[in-house]
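Have the structure open while you read, and try each question yourself before looking at the reply. Let's see how the labels people put on residues and elements are earned.

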Amino acid sequence: VILSLLVVRYLAWQWFDILTAVLIALYLALNVVHLAGNALNEITDAEVDDNIKRQIIDLVQSVKGVKGYHDLRTRISGARIFIEIHLEFDGDLPLRTTHAIVDTVEQKIIATLPQAQIIIHQDPFGISEKRLDHQINSDVKK
C-alpha cells in the first residue's frame, strides 16, 4: 500500500493504485476461501488425511498379536481425532490377552496422536461377516 502511494505520487501512475487494490483484494479472497474450507472441514467431521490413516495402520500392524484390521473409520472434530477400528485376533486367545493387546495399540496411537479418541472392536481372525468396508466399497462402485 505504501509502495502504491509512493508510485502514484512520484510517478503519477494512477493505474498502479487500482492494480494494487485488485491484488490485495485477490489475496484476501484466497485467504478467506482457505480459512472457510478449513472451518467447514472441522464442523462437518471430515476424515483424516491419508498420511494420518497410514500412521494409524502402521501402528496397529506393529503390535504383536494383531492379525488384521478392518472397518477403520476416522473423523476430525475440532482439535480431536476420532478413530474406530476392528482388530482381528487369533480366535483361541483369551479375552484378557486380546484386551491387553488392544491397550498396547491404544497406547501407541495416543503416543503419536495425543488428541485421539479411540474405539476398538475385537474380532476373531478369519471369520466371514458383513463388514462396513464391503458395504462402502460396493456403494462406491455403483
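Q: Why is Ala-12 called exposed?
A: In this predicted model, Ala-12 has a relative accessible area of 52%. The label exposed asks for over 50%, so Ala-12 qualifies. You can find Ala-12 in the loop between H1 and helix H2 (14–43).

Q: What is phi of Ala-12, a residue other than glycine?
A: Phi of Ala-12 is near 60°, which is a positive value. Most residues other than glycine have a negative phi.

Q: Which strand holds Asp-71, and is Asp-71 buried or exposed?
A: Asp-71 lies in strand E1. Its relative accessibility is 8%, and buried means under 20%, so Asp-71 counts as buried. Asp-71 also has a positive phi, about 50°, although it is not a glycine.

Q: How do you know whether Ser-4 is buried or exposed?
A: Compare the value with the cut-off again: Ser-4 has 2% relative accessibility, and the limit for buried is under 20%, so Ser-4 is buried. Ser-4 is placed in helix H1. Leaving aside residues up to four places away in sequence, Ser-4 touches Phe-16, Asp-17 and Thr-20.

Q: What about Ile-2: buried or exposed?
A: Ile-2 is found in helix H1 (residues 2–11). At 64% relative accessibility, Ile-2 passes the mark of over 50%, so it counts as exposed.

Q: What makes the pair Glu-47 and Lys-53 a salt bridge?
A: The distance does, together with the atoms involved. Their side chains meet at 2.4 Å, N to O. A side-chain nitrogen of Lys within 4 Å of a carboxyl oxygen of Glu is what the name requires, so the pair fits. Side chains of opposite charge can pair when their charged atoms come close.

Q: How many salt bridges does the structure hold, and what is the distance between the side chains of Asp-58 and Arg-54?
A: The structure holds two. Asp-58 and Arg-54 meet in a salt bridge at 3.0 Å, N to O. Both lie in helix H3, four residues apart, which is about one turn of the helix.

Q: Why are Asp-58 and Arg-54 called partly exposed?
A: Asp-58 has 40% relative accessibility and Arg-54 has 41%. Buried ends at 20% and exposed starts over 50%, so Asp-58 and Arg-54 count as partly exposed. Glu-47, at 44%, is partly exposed too.

Q: What is the order of the strands in the sheet, and which strands stand at its edges?
A: The sheet is open, with three strands in the order E1-E2-E3 and mixed pairing. Strand E1 (68–77) and E3 stand at the edges, because each has a single partner strand; one side of each is left without a neighbour in the sheet. The twist averages 10° from one strand to the next.

Q: How do you know that E1 and E2 are paired?
A: Pairing needs at least two bridges, and eight bridges join E1 to E2, so they count as a pair. These two strands run antiparallel. One bridge links Arg-75 to Phe-82, its partner in E2. E1 and E2 form a hairpin with two residues between them, and Gly-78 in the turn has a positive phi of about 65°.

Q: Which residues make the contact between H3 and H4?
A: The axes of H3 and H4 come within 9 Å and cross at roughly 145°. On H3 the contact is made by Gln-55, Ile-56, Leu-59 and Val-60, and on H4 by Val-105, Lys-108, Ile-109 and Thr-112. The crossing of these helices is right-handed.

Q: Which residues touch the most other members of the largest nonpolar core?
A: Of its 22 residues, Ile-83, Leu-87 and Ile-109 do. Two or more core residues come from each of helix H3 (50–61), strand E2 (80–89), helix H4 (95–112) and strand E3 (116–124). Beyond four places away in sequence, Ile-109 touches Ile-56, Leu-59, Val-60, Ile-83, Ala-116 and Ile-118.

Note on methods:
Residues numbered from 1 in each chain as written. Predicted model: local features only at pLDDT ≥ 70, side-chain atom pairs only at ≥ 80, totals over all residues. Heavy atoms only, no water. Core = buried A, V, L, I, M, F, W, Y, C linked by side-chain atoms within 4.5 Å. Buried < 20%, exposed > 50% of the residue type's maximum accessible area, 1.4 Å probe, protein only. Contact = heavy atoms within 4.5 Å. Axes fitted to C-alpha atoms, helices over the stretch in contact; angles between N-to-C directions. Left-handed = near helix turned anticlockwise from the far one by under 90°.
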